[in-house]
Amino acid sequence: MTKRTDYCGQLSSDDIGRTVTVCGWVAKRREHGEYLAFVDLRDRTGIVQCVVDHAHDIRSEYVLAVTGTVRERPPETVNTDLPTGSIEIGEATVEILASAEPPPFQIDGRVEVDETIRIHHRYLDLRTGRMQQNLRSRAAISAAIRRSMEDQEFVEIETPMLIASTPEGARDFVVPSRLSPGNFYALPQSPQLFKQLCMVGGIDRYYQIARCMRDEDLRADRQFEFTQLDMEMSFADGEQVRAVVSEAVSNATEMITGQRPESIPEMSWLEAMNRYGSDKPDVRFDLELVELTEVFSGTDFNAFKASSIKGIKVEGGADMGRNQLDQLTDKAKSWGAKGLVWIKVGPSGEVTSPVAKFMSEAEISGLLSVMNAKEGDICYLVADDWRQVVHVLGLLRLELGRPPVNEGGLRFLWVVDFPLFEDVDDDGNPLPAHHPFTMPHADDLELLSNSSAPDDLLNVRSQAYDLVLNGWELGSGSVRIHRRDIQQQIFNLLGINEEESQEKFGFLMDAFRYGAPPHAGFAFGIDRLVALLVGEENIREVIAFPKSQSGADPLTNAPSSIDTAQLNELGLRVLPPAT
RNA sequence: GGUCCCGUGGUGAAGUCUGGAGUUCACGCCGGCCUGUCAAGCCGGAGGUCGCGGGUUCAAAUCCCGUCGGGACCGCCA
């Protein structure tokens with residue numbers, strides 16, 4: 001085989017006169033009779049035009065080694081759209097290294113291709129400029145992050161993939177044990193416990209670019225398996241952790257955009273929920289939630305006799321038709337709202353609304369003044385308990401105003417002061433908002449010990465924090481509990497008794513007997529960061545071999561059945577499908 | 001577990017609401033012509049189980065039911 005001397009996209013006028021050999025795929029053949037044809041050859045660096053005679057049998061996606069002399073193109077034939085457009089490889093001789101059937105879709109990106117077909121033939125899809133760029137950007141981002149962590153003196157440590165299943169968190173992927181039939185490993189949802197053990201082990205600063213698996217339903221921003229930057233540091237508080245992570249994501253951002261983001265602002269969880277109806281607010285646009293409970297405190301309107309009322313005003317949104325409004329209302333109901341009230345403001349301040357007749361003049365004028373609503377505006381109101389109100393309006397806000405992924409810049413945000421507990425389960429046990437190793441806020445430790453009233457518990461703040469970018473949760477972290485007594489107290493509150501905690505987390509509790517340093521950490525999703533930085537709204541576009549929404553891989557046909565011998569070896573029997 | 005959208009030559013779309021001959025457009029593919037193209041051009045051609053199954057009808061890509069696949073979202077994701 002002829003040896004490559006140069007890459008297609010790197011040839012320039014500096015190379016004029018050189019005899020070169022380039023290797024790659026035929027992007028395009030333009031034939032002008034038997035003795036003249038232009039063959040565009042593509043490799044990872046780009047495309048260069050080769051001038052070939054007798055090119056009739058050289059077809060799209062053939063793999064060639066082309067040898068010829070780099071020469072300047074005649075001035076009138078320079079192609080300014082192509083980086084190599086001022087030169088060409090002349091008098092080229094072609095060695096066909098592999099022929100190719102016509103691909104099932106065009107590689108040139110001229111027509112959009114159905115994603116299933118792309119993934120089924122991913123090895124062809126990877127040839128497209130889009131995937132080449134996305135995967136190279138991803139590699140650059142990973143490298144920048146790794147470099148940043150190394151510069152900050154973090155130590156990369158690998159943690160096991162086959163671990164014990166723990167009851168908390170997402171559904172585990174599970175691997176049957178051959179040597180211990182009937183027992184199972186779990187694949188890690190995160191290296192959480194191991195990195196805390198590293199802190200007890202005096203590693204001081206740990207990081208890992210770690211694959212994590214969670215058996216939950218897939219979404220545009222969620223795959224079964226995903227990649228995180230996982231980190232943990234000893235003798236550090238949340239502020240220091242956020243500084244380290246800010247540095248890493250800033251470096252990654254600069255690597256792609258050429259611009260370093262400004263320092264990342266912080267917002268409390270409560271403020272985020274009240275203003276944006278989300279713990280991962282997309283702050284690229286306003287449409288903030290407006291507090292209206294007071295305005296309707298004495299209302300006769302039954303639907304508004306609720307503990308919380310908030311609204312959103314869309315400026316100039318009064319041209320919404322009845323049909324659209326009905327659809328919005330249906331959506332709101334599907335999100336759990338009892339209803340959605342809309343009020344349009346007309347030319348002289350009069351309002352149009354199906355429920356206007358149930359509101360007093362004072363309520364209407366109060367509403368308009370608090371929301372600062374003017375002619376042509378529309379207000380959407382939801383009344384319920386606070387959680388439901390902010391939840392529904394948060395989703396409505398995104399529905400009404402969220403810009404496309406490419407617009408509005410990159411708005412990083414730290415959300416801090418999460419509550420320690422999210423809610424209370426049916427048995428009255430509080431449910432952890434983060435994970436059970438999260439340190440409560442120092443000022444709220446008293447609330448924790450003195451009180452068993454669920455309302456008080458829900459007000460306990462934790463030292464947990466999330467990093468948000470354009471409405472996507474990039475990741476979360478916390479200051480950890482490093483004291484056995486507090487950890488046991490939390491387990492008790494969660495309804496995990498000593499016996500159970502010893503069984504599930506005994507190794508961690510044991511480790512804490514021997515001098516655990518205060519420590520804190522974080523983990524963020526690299527797939528999501530890459531997607532947003534390269535302007536993709538789906539992480540499958542930045543994953544080489546992703547799975548479909550139903551968890552299948554159209555390329556390899558996973559998941560697949562296994563044969564009986566394998567099952568027997570593992571001590572497993574497959575039940576008939578439930579009907 | 002739920003809601004919504006999509007499935008038509010190799011690819012992408014239109015046709016579906018309002019049933020009437022597999023009809024149309026762009027790209028690709030094959031053959032011919034063509035010595036400066038680069039979204040090459042011109043001429044010709046091939047290529048279809050309208051995802052699948054059932055039903056309604058004289059007649060179904062089109063209407064109804066079911067099912068499969070894909071996607072977006074709610075739930076879920078400590």
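This is a tour of a predicted model, one selection at a time.

**Whole chain**

Start with chain A in full. The chain has 15 helices and 22 strands, and its C-alpha trace spans about 90 × 75 × 55 Å along the principal axes. Colour by relative accessibility: of the 579 residues in chain A, 47% are buried. The exposed area is about 29000 Å², with carbon and sulfur atoms supplying 48% of it. If you draw a contact map, look off the diagonal. Among contacts with a separation of 6 or more, 68% are between residues 24 or more positions apart.

**The eight-stranded sheet**

Next, show the strands as a cartoon and pick out the open sheet with the order E6-E9-E10-E22-E21-E20-E17-E11. Eight strands form this sheet, and the pairing is mixed. Which strands stand at the edges? They are E6 (155-156) and E11 (266-268). Each has a single partner strand, so one side of each is left without a neighbour in the sheet.

Now select strand E10, residues 225-234. Nine of its 10 residues are buried, so the strand is largely enclosed by the rest of the structure. Two neighbours can be added to the selection:

- Strand E9, residues 205-213, runs antiparallel to E10, and nine bridges join the two. To find the register, label Ala210 and its bridge partner in E10, Gln228.
- Strand E22, residues 519-525, also runs antiparallel to E10, through seven bridges. Here Leu229 has Phe524 in E22 as its bridge partner.

Continue along the sheet to strand E20 (residues 464-469) and strand E21 (residues 472-479). Six bridges hold this pair in the antiparallel sense. One of the bridge partners to label is Gly475 in E21, which is matched with Leu467.

**Aromatic pairs**

Hide the cartoon and show the Phe, Tyr and Trp side chains. The structure holds 11 aromatic pairs. Zoom to Phe301 and Phe304, whose ring centres are 4.8 Å apart. Their planes meet at 50°, so the pair is tilted. Phe301 and Phe304 are both buried. Widen the selection to Phe296 and Phe358, which form one aromatic cluster with Phe301 and Phe304.

Then move to Phe437 and Phe505. What is the geometry of the rings of Phe437 and Phe505? The centres are 5.3 Å apart and the planes are at 85°, so this pair is edge-to-face. Phe437 belongs to the loop between strand E19 (430-432) and helix H10 (445-450), while Phe505 is in helix H13 (residues 498-511), so the pair ties together parts that are 68 residues apart in sequence. Phe437 and Phe505 are buried as well.

**Arginines over rings**

Two arginines are worth selecting together with the rings below them. The charged end of Arg242 sits over the ring of Tyr465, 5.0 Å from the ring centre. Arg397 lies over the face of Phe285, and here the distance to the ring centre is 3.9 Å.

**Arg284**

Select Arg284, in the loop between helix H6 (269-276) and strand E12 (290-291). Is Arg284 buried or exposed? Its relative accessible area is 12%; the cut-off for buried is under 20%, so Arg284 counts as buried. Show polar contacts from the side chain. One goes to the backbone oxygen of Pro403 at 3.3 Å, and another to the backbone oxygen of Pro404 at 3.0 Å. Beyond four places in sequence, the residues that Arg284 touches include Arg402, Val405, Glu407, Gly408, Gly409, Arg411 and Asn470, besides the two prolines.

**Met255**

The last stop is Met255, in helix H5 (residues 238-257). With a relative accessibility of 37%, Met255 is partly exposed. Leaving out residues up to four places away in sequence, Met255 touches Ala140, Ala144 and Arg147. For a distance to draw, take the C-alpha atoms of Met255 and Met231: these residues are 24 apart along the chain, and the atoms are separated by 21 Å.

Conventions: Residues numbered from 1 in each chain as written. Chains lettered and ligands numbered in written order. Predicted model: local features only at pLDDT ≥ 70, side-chain atom pairs only at ≥ 80, totals over all residues. Heavy atoms only, no water. Helix = DSSP H or I, 4+ residues; strand = E, 2+ residues; numbered from the N terminus. Buried < 20%, exposed > 50% of the residue type's maximum accessible area, 1.4 Å probe, protein only. Polar contact = N/O pair within 3.5 Å; in protein donor to acceptor, adjacent residues only side chain to side chain. Contact = heavy atoms within 4.5 Å. Pairing = 2+ DSSP bridges. Phe/Tyr/Trp six-rings, centres within 6.5 Å; stacked < 30°, edge-to-face > 60°. Lys NZ or Arg CZ within 6 Å of the ring centre and 35° of its normal. Areas by Shrake-Rupley, 256 points an atom, 1.4 Å probe, with all protein chains shown as cover.
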